[in-house]
Amino acid sequence: MTNDTTHTDSIRAPGATLHYQLRGHGPTLLIGQSGEGDADRTVDLVARLANTYTVVTYDRRGLSRSRLDDPSRGASLAEHADDTALLLETVASEPAAMLGCSLGAVIGLHLAVRHPGRIHTLIAHEPVAPRLLPAAERSHHEHELADLQRLYARSGLAATLPEIARVLGIDTSGRDAEPGLTPQPINDLRRTNFDYFIRHDFTAVLEDTLDVTALAATPTRIVPAVGRATPKGVFDRRCAYALADALGTDVVELPGGHNGNTSHPSAYAARLRDLLAVHVHAAQP
């Protein structure tokens, strides 16, 4: 496969059919997307990584081309992690690297605990994981997420998106971004994905069962990360620092903000290569 070729396929998982894409050549790198992002969300980033990695992206169950046997049913974060384990078992013979962004980072944390050895490194960029925080702070942010669900049910997506951006510290102006990005308008497909994300994946976060203490025992190298431009007070950034405290490690900075993987794909890809090269060097005799 050349780095100009994208291979698409699907696999069966319990209760769902999962759509995935492979592009590039080299060691396997799985990207766990943020928010309502599907396999195409990081198209600009993937293009800049495909000469170094076989990049795997997929539609999380319930989004785009990944179909649910029961469309009314959501999935837990543990189930999402089981999906990624099954996907990696299908496409990779060796442990893979993973970039997890926001919700994708929390799925990666579950993957590291539930399926030890499936990923050797997880870059966990601003995990949306209130369970990582002290009790009072956790409760406050869980209420924020529940309020966003109620706002969406009451007033719809147009009213809810600015509030999601505020809570997560997302810059929606587009001014701080690299030139020449692939347009990603809010079209009907994204509206449908947002509907599933807010109704079901928010609930998965609120009902999360992540065993924080088990993270320190996993063989996966977990790298907590924040966006350089993400405001310091927002809870997803706080979660990255709480994760670092739990692991006794440091937080690394990545270009851009919460969505730096889409706003700064060239700089983001270069930083990822640096971070993942640490594993390559450590694995050499």
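Okay, let me start on the inside: the residues lining the largest cavity split into ten nonpolar, one polar and no charged. Before I go on, keep in mind that this is a predicted model.

So which residues are we talking about? The lining of that largest cavity is made by Ser 102, Leu 103, Val 128, Leu 145, Leu 148, Ile 164, Val 167, Leu 168, Phe 197, Phe 202 and Val 205. Helix 4, helix 5 and helix 6 are the elements that each give two or more residues to it. The space in there comes to about 110 Å³.

How many cavities of 30 Å³ or more does the structure hold? Two. The second largest has a volume of about 40 Å³, and you'll find Gly 32, Gln 33, Gly 37, Tyr 58, Arg 60, Gly 104 and Ile 107 around it. Its lining goes two nonpolar, four polar and one charged.

Now for the open space. The largest pocket holds about 920 Å³. It has 35 lining residues, and those closest to its centre are Ile 170, Asp 171, Thr 172, Asn 259 and Thr 262. If you want to find it on the screen, look for helix 5, helix 6 and helix 8, residues 260-263, since each of those supplies at least two lining residues. By class, this pocket's lining has eleven nonpolar, 18 polar and six charged residues.

Let's go back to helix 4, which runs over residues 135-155. Here's a little sum you can follow. With 21 residues at 1.5 Å each, this helix should span 30 Å, and its end C-alpha atoms are indeed 30 Å apart, so the two agree. Which of its residues are buried? His 141, Glu 142, Glu 144, Leu 145, Ala 146, Leu 148, Gln 149, Leu 151 and Tyr 152. Two names there should ring a bell: Leu 145 and Leu 148 also line the largest cavity. And what covers the buried residues of helix 4? The cover includes helix 5 (157-168), helix 6 (188-206) and helix 7 (235-247). Right after helix 4 ends, Gly 156 takes a positive phi of about 90 degrees.

Speaking of positive phi, here are a couple of residues that do it without being glycine. One of them is Glu 126, with phi near 50 degrees. Glu 126 sits in the loop between strand 7, residues 119-125, and helix 4. Is Glu 126 buried or exposed? Its relative accessibility is 0%, so it counts as buried. Another is Ser 64, whose phi is positive at about 50 degrees although it isn't a glycine. Ser 64 belongs to the loop between strand 4 and strand 5, and it counts as buried because its relative accessibility is 7%.

That loop also holds Arg 61, between strand 4 (54-58) and strand 5 (67-68). Maybe you'd guess that an arginine would stick out. Well, Arg 61 has 4% relative accessibility, and the cut-off for buried is under 20%, so it counts as buried. What does Arg 61 touch? Leaving out residues up to four places away in sequence, its contacts include Ala 13, Pro 14, Gly 15, His 80, Asp 83 and Tyr 196. With Asp 83 there is a side-chain polar contact of 2.6 Å. Ala 75 is on the contact list too, and although Arg 61 and Ala 75 are 14 residues apart along the chain, their C-alpha atoms are separated by 7.8 Å.

Asp 83 brings us to helix 2, where it is one of the buried residues, along with others including Leu 77, Ala 78, His 80 and Leu 88. You can try the span sum again here: helix 2 has 15 residues, 77-91, which should span 21 Å, and the end C-alpha atoms are 21 Å apart, so that agrees as well.

Last stop is Asp 82, also in helix 2. At 27% relative accessibility, Asp 82 counts as partly exposed. Apart from residues up to four places away in sequence, it touches Arg 114 and His 115. The side chains of Asp 82 and Arg 114 are joined by a polar contact of 2.9 Å. As for His 115, it lies 33 residues from Asp 82 along the chain, with 8.0 Å between their C-alpha atoms.

That's my tour, thanks for listening!

Conventions: Residues numbered from 1 in each chain as written. Predicted model: local features only at pLDDT ≥ 70, side-chain atom pairs only at ≥ 80, totals over all residues. Heavy atoms only, no water. Helix = DSSP H or I, 4+ residues; strand = E, 2+ residues; numbered from the N terminus. Expected span 1.5 Å × (residues − 1). Buried < 20%, exposed > 50% of the residue type's maximum accessible area, 1.4 Å probe, protein only. Contact = heavy atoms within 4.5 Å. Polar contact = N/O pair within 3.5 Å; in protein donor to acceptor, adjacent residues only side chain to side chain. 1 Å grid on protein atoms, 1.4 Å probe; cavity = no way out; pocket = protein on both sides within 12 Å on 5 of 7 lines; lining within 4 Å. Points joined across faces, edges and corners; volume = space filled by probe spheres on them. Nonpolar A, V, L, I, M, F, W, Y, C, P; charged D, E, K, R; others polar.
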